[in-house]
Amino acid sequence: MVVKGQGSVLTLEDGRELIDGISSWWVNLHGHSNPHIAKAIATQAETLEHVIFAGYTHEPAERLAISLCELLPERLNRVFFSDNGSTAVEVALKMAWQYWRNQENPGRNRILAFDNAYHGDTFGAMAAGSRSEFSAAFEPLLFEVTRLPYPETWIGDAEVDEKESESLAVLRYQLEASPEGFAALIIEPLVQGAGGMKMARAAFVKSVCELAREFGVLVIFDEVMTGFGRTGELFAFQKVGIEPDFICLSKGLTGGFLPMSLTITGSQIQDAFRGIDPTHTFWHGHSYTANPLGCAAALASLELTIQALPLIKEIESSHVQRLTSHDYRAERIRICGTIVAMDVPVSSGRGYFSGIGARLKSEFLEDGILLRPLGNTVYVMAPYCTTQAQYDRVFESIRQRLAAL
Ligand code: PMP
């Protein structure tokens with residue numbers, strides 16, 4: 001039972017304190033109970049707590065949309081609100097699919113997605129995600145997608161060029177076999193989160209997008225996890241150097257205070273939905289769409305994130321320094337922005353259900369650290385306010401616990 005959160009520290013009901021090494025499911029950017037965000041929500045709550053967002057609008061939603069679009073390339077100038085990462089993805093998939101249908105091109109109806117991807121737990125997001133024990137019960141209800149190998153890489157990986165070439169060759173083969181068949185490609189750019197913090201190089205992600213675009217395929221960046229500074233830039237697409245057709249944002253959007261998400265696209269997509277034919281309308285809305293408290297939190301969090309960008313670069317350098325100066329008895333060590341991951345060598349039982357993850361989780365807890373390994377992958381993704389002394393404790397715990405295995 002957690003009774004309090006302050007900065008990177010959570011207090012349990014028995015008085016124990018834990019360093020939150022994973023930003024509480026990757027949502028918290030600026031520390032728990034951050035006063036700037038808390039105040040913005042409180043002020044908004046006394047003005048307008050919620051209003052139907054169909055036919056009506058409000059100042060926090062407009063200000064958020066404008067503030068974000070000012071930071072984005074010109075072609076990303078339309079913002080659709082929903083309330084969690086899965087729905088942000090669901091909306092992007094639906095929009096991409098309907099975009100082609102509205103233009104009398106219903107043959108473009110297939111989705112390209114990556115092995116090992118995770119895009120959420122609603123049906124469309126599950127279908128785009130890789131099939132696993134989590135989706136097995138729903139298998140007959142999930143639409144088919146065309147899978148591409150994901151060339152995960154790590155420090156010192158000698159085979160990365162080969163893996164990337166193979167993945168691009170599979171993509172080319174699929175596109176040439178069906179040049180007018182694909183509506184969209186969806187990717188978690190640079191880092192696959194729930195699939196095990198697997199990292200790919202920016203140049204590879206860029207090549208994938210360029211190739212897909214040669215064949216007119218829309219590109220969806222699922223930045224639900226990578227958004228808001230996690231990969232070192234405000235958004236991963238900036239690091240990749242490509243402007244996608246859709247970006248999906250959630251998690252860090254409100255700094256971890258309130259559930260909200262955005263699917264950002266452009267007027268070039270929106271134009272296909274205009275007109276008087278009701279079947280061309282994008283019929284999608286949620287009760288809490290553009291909740292004003294969420295928008296106020298997001299605006300406050302965005303201010304803090306922009307201020308934190310130089311600090312984020314320092315965190316990345318300190319991660320590199322830490323991981324290259326100690327032996328962690330781990331393999332596949334990888335770093336991207338504020339995210340660090342490594343695999344515990346195991347002879348069998350890799351993956352999410354590897355018993356080693358549960359054991360390490362409770363050992364980290366004994367050390368006063370909240371970490372939640374994904375199977376045999378141990379990762380750190382702490383709030384940006386985490387101090388170097390707190391990081392020292394987190395990494396020392398990892399080093400000692402892995403050495404003792
Ligand atoms: N996409 C990615 C890349 C994610 O990491 C997640 C959540 N782990 C989702 C989508 C789904 O987000 P939510 O849990 O808010 O529905």
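Modeller: A salt bridge here is a side-chain nitrogen of Lys or Arg within 4 Å of a carboxyl oxygen of Asp or Glu. The model is a predicted one, and 21 salt bridges turn up in the structure.

Biologist: What makes Arg 201 and Glu 164 a salt bridge?

Modeller: Their side chains meet at 2.9 Å, N to O. The limit is 4 Å, so the pair qualifies. Along the chain the two are 37 residues apart: Glu 164 sits in helix H6 (residues 160-177), and Arg 201 is in the loop between strand E9 (198-199) and helix H7 (202-214).

Biologist: Why is Glu 164 called buried, and why is Arg 201 called partly exposed?

Modeller: Buried means under 20% relative accessible area, and Glu 164 has 10%, so it counts as buried. Arg 201 comes out at 34%. That lies between 20% and 50%, so Arg 201 is partly exposed.

Biologist: How do you know that Arg 213 and Asp 245 tie parts of the chain together?

Modeller: Start with the salt bridge: their side chains meet at 3.3 Å, N to O. Arg 213 lies in helix H7 and Asp 245 in the loop between helix H8 (236-240) and E11, so the bridge links parts 32 residues apart in sequence. At 4%, Asp 245 falls under the 20% cut-off and is therefore buried, while Arg 213 is partly exposed at 30%.

Biologist: What about Arg 274 and Asp 271, what makes them a salt bridge?

Modeller: N to O is 3.1 Å for that pair, which is within 4 Å, so it passes. Both ends are partly exposed, with 48% for Arg 274 and 45% for Asp 271. As for shared partners, Arg 75, Arg 213 and Asp 245 are joined into one network by their salt bridges.

Biologist: On to the strands. Why are E4 and E6 said to stand at the edges of the sheet?

Modeller: The open sheet has seven strands, ordered E4-E12-E11-E10-E7-E5-E6, with mixed pairing. Strand E4 (78-82) and E6 each have a single partner strand, so each keeps one side without a neighbour in the sheet. From one strand to the next, the twist averages 20°.

Biologist: What makes E5 and E7 a pair?

Modeller: Pairing takes at least two bridges. Strand E5 (residues 110-114) and strand E7 (residues 182-187) have three and run parallel, so they count as paired. Arg 110 stands opposite Phe 182 in E7. Helix H3 (residues 59-71) packs on this sheet, touching E4 and E12, and its direction makes about 130° with that of E4.

Biologist: And what makes Thr 254 buried?

Modeller: Its relative accessible area is 0%, under the 20% cut-off, so it is buried. Thr 254 lies in the loop between strand E11 (246-249) and strand E12 (261-265). Beyond its sequence neighbours within four places, its contacts include Ile 37, Met 260 and Ser 301.

Biologist: Why is Leu 141 called exposed?

Modeller: Exposed means over 50%, and Leu 141 reaches 61%, so the label fits. Leu 141 is in the loop between helix H5 (123-128) and strand E6 (146-148). With Phe 123 and Phe 138 it forms a nonpolar surface patch, together about 300 Å² of accessible area.

Technical notes:
Residues numbered from 1 in each chain as written. Predicted model: local features only at pLDDT ≥ 70, side-chain atom pairs only at ≥ 80, totals over all residues. Heavy atoms only, no water. Helix = DSSP H or I, 4+ residues; strand = E, 2+ residues; numbered from the N terminus. Buried < 20%, exposed > 50% of the residue type's maximum accessible area, 1.4 Å probe, protein only. Contact = heavy atoms within 4.5 Å. Patch = residues over 30% accessible without salt bridge, like charges linked within 9 Å, V, L, I, M, F, W, Y side chains within 5 Å. Areas by Shrake-Rupley, 256 points an atom, 1.4 Å probe, with all protein chains shown as cover. Axes fitted to C-alpha atoms, helices over the stretch in contact; angles between N-to-C directions.
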